[in-house]
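Me: I am new to this structure and should be grateful for a close look at a single part of it. Please examine the nonpolar surface patch and the elements that carry it, and set them within the whole chain.

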Amino acid sequence: NVVIALTLSSLVGGLTAGLSVQDTISSFEGGLGGGATIALIYAMLGAFSVAISKSGITHILSQAIIKRLN
């Protein structure tokens, strides 16, 4: 995923340069511009939702709810 690669590489680069984690994240967000921060949030949310759907947890939870309702 491009978003994860950008995030991890900026974190590694900032820490290698001697910045703290907070300064690294601030610099990364500052360099993104206004709309890119929101796009990054949506991309990470999308990646998280795909991970949840691939894990099978939604199927397990729905089966448990159906059992309780019956």
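Reply: The account below begins with the chain as a whole, turns to the patch, and then follows the neighbouring parts.

The model is a predicted one, and its protein chain contains four helices and zero strands. Read from start to end, the pattern is α-α-α-α. The radius of gyration of the chain is 18 Å, well over the 11 Å that the globule rule gives for 70 residues, so the chain is more spread out than a compact globule. The extent of the C-alpha trace along its principal axes is about 60 × 25 × 20 Å. Of the 70 residues in the chain, 7% are buried. The chain exposes about 5400 Å², and 69% of that area is supplied by carbon and sulfur atoms.

The patch itself is formed by Ile38, Tyr42, Leu45, Phe48, Ile52, Ile57, Ile60 and Leu61, a nonpolar group on the surface with about 810 Å² of accessible area together. Two elements, helix 3 (34-55) and helix 4, each give two or more residues to this patch. Helix 3 provides the largest share, five residues.

One member of the patch may be taken on its own. Leu61 lies in helix 4. Its relative accessibility is 49%, and Leu61 therefore counts as partly exposed, since that class lies between the limits of 20% and 50%.

Other residues of the two contributing helices help to complete the picture. In helix 3, Ala51 has a relative accessible area of 43% and is partly exposed. The C-alpha atoms of Ala51 and Asp23 are separated by 29 Å, and these two residues are 28 residues apart along the chain.

Between helix 3 and helix 4 there is a loop, and Gly56 is placed in it. Gly56 is partly exposed, at a relative accessible area of 21%; because burial requires a value under 20%, Gly56 does not count as buried. From Gly56 to Met44 the separation is 12 residues in sequence and 19 Å in space, C-alpha to C-alpha.

Beyond the loop comes helix 4, which covers residues 57-69 and includes Ile66. Ser62 also has its place in helix 4. The relative accessible area of Ser62 is 30%, which makes this residue partly exposed. In sequence Ser62 and Thr37 are 25 residues apart, and their C-alpha atoms are 34 Å apart in space. Ile66 is partly exposed as well, with a relative accessible area of 42%. Between the C-alpha atoms of Ile66 and Ser26 the separation is 45 Å, for residues 40 apart along the chain.

The earlier part of the chain offers a setting for this view. Helix 1 (residues 2-16) has 15 residues, which at 1.5 Å a residue should span 21 Å; the C-alpha atoms at its ends are 21 Å apart, so the expected and computed spans agree. Just after helix 1, Gly18 adopts a positive phi of about 95 degrees.

Helix 2 (residues 21-32) contains Thr24. Is Thr24 buried or exposed? Thr24 is buried, because its relative accessible area is 4% and the limit for burial is 20%. Which residues are in contact with Thr24, leaving aside its neighbours within four places in sequence? They are Ser10, Leu11, Gly14, Leu15 and Leu19.

To return to the part requested, the patch is a nonpolar group on the surface, with helix 3 and helix 4 as the elements that give two or more residues to it. Leu61 of the patch is partly exposed, whereas Thr24 of helix 2 is buried.

Terms used:
Residues numbered from 1 in each chain as written. Predicted model: local features only at pLDDT ≥ 70, side-chain atom pairs only at ≥ 80, totals over all residues. Heavy atoms only, no water. Buried < 20%, exposed > 50% of the residue type's maximum accessible area, 1.4 Å probe, protein only. Rg over C-alpha atoms; globule rule 2.2 N^0.38 Å. Areas by Shrake-Rupley, 256 points an atom, 1.4 Å probe, with all protein chains shown as cover. Expected span 1.5 Å × (residues − 1). Contact = heavy atoms within 4.5 Å. Patch = residues over 30% accessible without salt bridge, like charges linked within 9 Å, V, L, I, M, F, W, Y side chains within 5 Å. Salt bridge = Lys/Arg side-chain N within 4 Å of Asp/Glu carboxyl O.
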